[in-house]
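Subject: Structure for you to look at

Dear colleague,

Here is the structure I said I would pass on. My notes on it follow below the display.

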Amino acid sequence: MLRRALLAASVAAPWLPGLAQAADPLAFRRLAPTPPMGWNSWDSFATTLTEDQAIDNAKVMAKVLLPHGYDVFTVDIQWYEPGATGFDYRKDASLALDPWGRLLPAVNRFPSSADGAGFKPLGDRLHALGLKFGIHLMRGAPRQAADRNLPVLGTDVRIGDIVDRSSLCPWNPDMYGVDMRKTGAQAYYDSVFKLLAAWGVDYVKVDDMSRPYHDHAPEIEAVRKAIDACGRPMVLSLSPGETPLDAADHAQRHANLWRISDDFWDQWPLLLEQFGRLERWNPYRIPGCWPDADMLPLGILDLGKRATRFTPDEQRTMMTLWSIARSPLIMGGDLRKLDPATTALLTNDEVLAVNQRSSENRPLFNAAGLVAWTARAPGSDARYLALFNTTDKAATVGADLAILGMKGSAEVRDLWARRPDGSAAGRLERILPAHGSGLYRLG
């Protein structure tokens with residue numbers, strides 16, 4: 001019965017209407033016309049997420065965050081590891097696999113996946129809440145599948161014959177890379193994504209891809225082909241960074257978002273580094289393709305052990321930078337423990353409009369710790385202006401209206417305060433606290 005259910009799960013689901021992928025190899029860009037917004041389990045649950053925890057977080061997400069655009073719910077790494085315990089990986093863990101070497105949810109953690117159901121029951125629950133189902137994958141094929149020499153579904157090829165045992169992730173022991181020169185290599189990736197399609201997956205974060213990017217380009221291309229052939233549109237996220245700038249064109253042709261840094265955590269030096277990265281990547285952001293500054297480590301993190309280390313000013317600075325630079329907004333904290341301040345930070349619709357609907361986003365200056373970005377507001381001649389003080393003392397930060405392409409004076413609205421903030425004649429200046437920011441609409 002298990003084998004029959006697994007075979008049934010390999011049948012491709014129909015394409016959603018309007019996505020003529022075969023005729024347009026870049027049609028996948030239409031799946032992410034704005035930066036994705038959602039939640040990911042890593043920052044708060046590491047490898048340990050259970051079905052009950054997932055559903056509890058999804059219910060909060062649907063009630064509190066979905067009305068503001070956060071719709072992608074992603075189960076991060078090692079959902080297939082029955083004994084996962086935290087942020088570390090067990091080297092000799094026995095992973096849940098099907099007869100064709102494809103990863104399955106650990107039944108002890110996701111009971112609804114029993115009897116070959118896989119993640120379809122969880123996907124159905126998420127879809128019923130109005131959410132999209134995201135899942136994490138590692139590059140390659142499970143080492144255990146290769147060592148057992150399991151067959152590639154629908155072929156005479158064995159997984160042990162298609163892997164490259166020297167292509168190893170330096171921080172996770174689960175997988176071997178797949179040698180895309182080998183017969184059956186593409187068929188293996190195709191089989192994996194057909195299974196995900198049968199589960200109702202809408203978004204896939206594929207890890208151990210972007211570093212070193214060029215070494216992994218053949219597998220990135222294989223994943224793109226597999227998604228295009230699987231029968232279900234899926235947004236593709238590549239991880240971790242830093243993705244090299246000279247890979248920008250390749251990333252745009254194969255993925256919807258890609259990481260521009262290693263894992264981002266709640267430490268001021270890491271946030272400071274993102275200013276330069278987002279500035280360097282700014283020319284390569286196009287609709288449907290988003291340089292990704294990584295998750296928002298807000299609220300309760302680290303298996304419930306602590307709250308974010310960012311100060312309130314630093315939290316606002318992160319949200320302001322991610323919004324004006326149009327990075328994806330993926331919340332990482334435990335949604336069951338959302339506090340009013342974090343909720344307000346995440347659900348300010350005037351700020352989120354900058355992330356989702358602005359255009360012509362660009363940095364103005366970054367000098368002596370004072371930073372400014374600007375963008376055009378949708379459907380008008382108004383401009384957004386983000387001001388940042390990255391120094392350790394309060395400072396006055398400002399910009400001339402002329403550099404924004406504006407003449408004379410302009411009415412000012414403080415987007416964080418959601419209220420008018422006077423007018424600016426020729427220049428807007430504000431005193432900002434250390435590590436603080438402001439976000440304004442002018443015109």
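Glu-242 is found in the loop between β8 and α9, and in this predicted model a cis peptide bond joins this residue to Gly-241, with omega at about 10 degrees. Pro-240 has its place in the loop between β8 (235-238) and α9 (248-254) as well. The peptide bond that leads from Ser-239 into Pro-240 is also cis, and its omega is near -15 degrees. When you open the file, please look at both bonds: Ser-239 to Pro-240, and Gly-241 to Glu-242.

Two other loops hold a residue with backbone angles worth a look. Leu-303 is not a glycine, yet its phi is positive, at about 60 degrees. You will find Leu-303 in the loop between β11 (300-301) and β12 (306-307). Its relative accessibility is 32%, so Leu-303 counts as partly exposed, the class between 20% and 50%. Arg-418 is likewise not a glycine and has a positive phi of about 60 degrees. The loop that holds Arg-418 runs between β18 (409-414) and β19 (419-425). With a relative accessibility of 39%, Arg-418 counts as partly exposed.

Now the chain as a whole. It has 13 helices and 21 strands. How does its radius of gyration agree with that of a compact globule? For 443 residues such a globule would have a value near 22 Å, and the chain has 22 Å, so the two agree. The C-alpha trace spans about 75 × 45 × 40 Å along its principal axes. Of the 443 residues, 59% are buried. Counting contacts between residues at least 6 apart in sequence, 72% join residues that are at least 24 apart.

On the surface, the accessible area of the chain comes to about 17000 Å², and carbon and sulfur atoms account for 53% of it. The chain has 50 positive and 52 negative charges, and the mean positions of the two sets are 3 Å apart.

Next, helix α7. It has 15 residues and reaches 22 Å from its first C-alpha to its last, which is close to the 21 Å expected at 1.5 Å a residue. Is α7 mostly covered or mostly open? It is mostly covered, as twelve of its 15 residues are buried. Among them are Tyr-188, Tyr-189, Asp-190, Ser-191, Phe-193 and Trp-199. After α7 comes Gly-200, with a positive phi near 85 degrees.

Trp-199 has its place in α7 (residues 185-199). Its relative accessibility is 2%, and since buried means under 20%, Trp-199 counts as buried. Which residues does Trp-199 touch, if those up to four places away in sequence are not counted? They are Trp-79, Leu-103, Leu-104, Pro-105, Ala-117, Gly-118, Phe-119, Lys-120, Gly-123, Phe-133 and Ile-135. For one of these, Lys-120, I have a backbone distance too: Trp-199 and Lys-120 are 79 residues apart in sequence, and their C-alpha atoms are 4.0 Å apart in space.

Two further buried residues are worth a visit. Thr-47 sits in the loop between α2 (42-45) and α3 (51-65). Its relative accessible area is 0%, so Thr-47 is buried. Without counting residues up to four places away in sequence, Thr-47 touches Trp-42, Ile-77, Gln-78, Ala-84, Thr-85, Gly-86, Asp-88, Tyr-89 and Arg-109.

Ile-220 is part of helix α8 (residues 213-229). It too is buried, with a relative accessible area of 0%. Leaving aside neighbours within four places in sequence, Ile-220 is in contact with Met-209, Tyr-213, Leu-238, His-250 and His-254. Leu-238 belongs to the range of β8 (235-238), while His-250 and His-254 fall within that of α9 (248-254). These are the two elements on either side of the loop with Pro-240. As for distance, Ile-220 and Thr-311 are 91 residues apart in sequence and 37 Å apart in space, C-alpha to C-alpha.

Regards

Notes: Residues numbered from 1 in each chain as written. Predicted model: local features only at pLDDT ≥ 70, side-chain atom pairs only at ≥ 80, totals over all residues. Heavy atoms only, no water. Helix = DSSP H or I, 4+ residues; strand = E, 2+ residues; numbered from the N terminus. Rg over C-alpha atoms; globule rule 2.2 N^0.38 Å. Buried < 20%, exposed > 50% of the residue type's maximum accessible area, 1.4 Å probe, protein only. Contact = heavy atoms within 4.5 Å. Areas by Shrake-Rupley, 256 points an atom, 1.4 Å probe, with all protein chains shown as cover. Lys, Arg positive; Asp, Glu negative; His and termini not counted. Charge placed at Lys NZ, Arg CZ, Asp CG, Glu CD. Expected span 1.5 Å × (residues − 1).
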